[in-house]
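This briefing goes through one protein model, topic by topic. Please keep the sequence and the coordinates at hand while reading.

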Amino acid sequence: MLSLRHMNFQPIVPDDGALLLQLRKGDRIAFDELFNRFAEPIHTYVKMRLNGSEEADDVLQEVFIRLWNKRQSIVIHTSFRNYLYTIVQHCICDHQRASKRKRYTLTAEMPEHTEERPQPDEQYQYKQAYSIWRSATNKLPGQMRRIYAMKNEEQLSVKEIASELQLSEQTVKNQLHTAGQRIVKMLRQVQMFF
């Protein structure tokens, strides 16, 4: 007979759905658990998308601020990971738009920017991660890939994309949603994204 001390017990951890229900009620412990599960992979992904920028910390913080602020109105259509990926994409786009505006409004009074350069191993990781993400986006079907690039690289709004491609805004939203799902699936296959 086996004694209890010889058995391997795995701690029972709540799944994302159970944590989400607790989060909706304002449970800070559930929020902390979600942060502990997803902060590191999100941070890695955001740094890769921002080419290793130190501003990834700000974007990460914004992702979780939005999650907390929207906690009572969260509606999950597919999975919590896809929902979170959508928030991440929006935060990255908002950050890139804001950065673009800042570049055009720089003044002589701004302090010098003394950002540390990433270490060689970090640069390699970012290049590798970027290559995987780029490969995932390139596998999207033609029009979907174009819409995704217009939104995430050119930072165009849904309305601007719809107008330029002569599509309805809903079609653009649907294509972006499906693109996000496909990219998450491909990135998860190589364990790149939570």
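**Salt bridges, helix contact and backbone**

Asp94 has a relative accessible area of 31%, which makes this residue partly exposed. The model is a predicted one. Asp94 pairs with Arg66 in a salt bridge, with 2.5 Å between the closest N and O atoms. This pair joins distant parts of the chain, since Asp94 lies in helix H4 (residues 80-104) and Arg66 in helix H3 (residues 56-69), 28 residues apart.

**Overall make-up**

- The protein has eight helices and zero strands.
- Read from the N terminus, the order of elements is α-α-α-α-α-α-α-α.
- Of the 194 residues in the protein, 37% are buried.
- Among contacts with a separation of 6 or more, 66% are between residues 24 or more positions apart.
- The exposed area of the protein is about 12,800 Å², and 50% of that area comes from carbon and sulfur atoms.

**Salt bridges**

- Side chains of opposite charge can pair when their charged atoms come close.
- Four salt bridges are found in a search of the whole structure.
- The bridge between Asp94 and Arg66 belongs to a wider arrangement: a network of salt bridges links Glu62, Arg66 and Asp94.
- Glu33 and Arg37 form a salt bridge through their side chains, at 3.1 Å from N to O.
- Glu33 and Arg37 are four residues apart in helix H2 (residues 28-49), so about one helical turn separates them.
- Glu33 has a relative accessible area of 27% and is partly exposed.
- Arg37, at 24% relative accessibility, also counts as partly exposed.
- Another salt bridge brings together the side chains of Glu164 and Arg146, with an N to O distance of 3.5 Å.
- That pair also links distant parts of the chain, with Glu164 in helix H7 (residues 158-165) and Arg146 in helix H6 (residues 142-152), 18 residues apart.
- Arg146 is partly exposed, its relative accessible area being 34%.

**Contact of H2 with H3**

- The H2 and H3 axes come within 10 Å of each other and cross at roughly 145 degrees.
- The crossing of H2 past H3 is right-handed.
- On the H2 side, the contact is made by Arg28, Phe31, Leu34, Phe35, Phe38, Ala39, Ile42, His43, Val46 and Lys47.
- On the H3 side, the residues met are Ala56, Asp57, Val59, Leu60, Val63, Phe64, Leu67 and Trp68.
- By class, the residues of this H2 and H3 contact are 14 nonpolar, one polar and three charged.

**A backbone exception**

- Which residue has a positive phi although it is not a glycine? Gln166 does, with a phi of about 55 degrees.
- Most residues other than glycine have a negative phi.
- Gln166 sits in the loop between H7 and helix H8 (169-189).
- With a relative accessibility of 75%, Gln166 counts as exposed.

Terms used:
Residues numbered from 1 in each chain as written. Predicted model: local features only at pLDDT ≥ 70, side-chain atom pairs only at ≥ 80, totals over all residues. Heavy atoms only, no water. Helix = DSSP H or I, 4+ residues; strand = E, 2+ residues; numbered from the N terminus. Buried < 20%, exposed > 50% of the residue type's maximum accessible area, 1.4 Å probe, protein only. Contact = heavy atoms within 4.5 Å. Areas by Shrake-Rupley, 256 points an atom, 1.4 Å probe, with all protein chains shown as cover. Axes fitted to C-alpha atoms, helices over the stretch in contact; angles between N-to-C directions. Left-handed = near helix turned anticlockwise from the far one by under 90°. Nonpolar A, V, L, I, M, F, W, Y, C, P; charged D, E, K, R; others polar.
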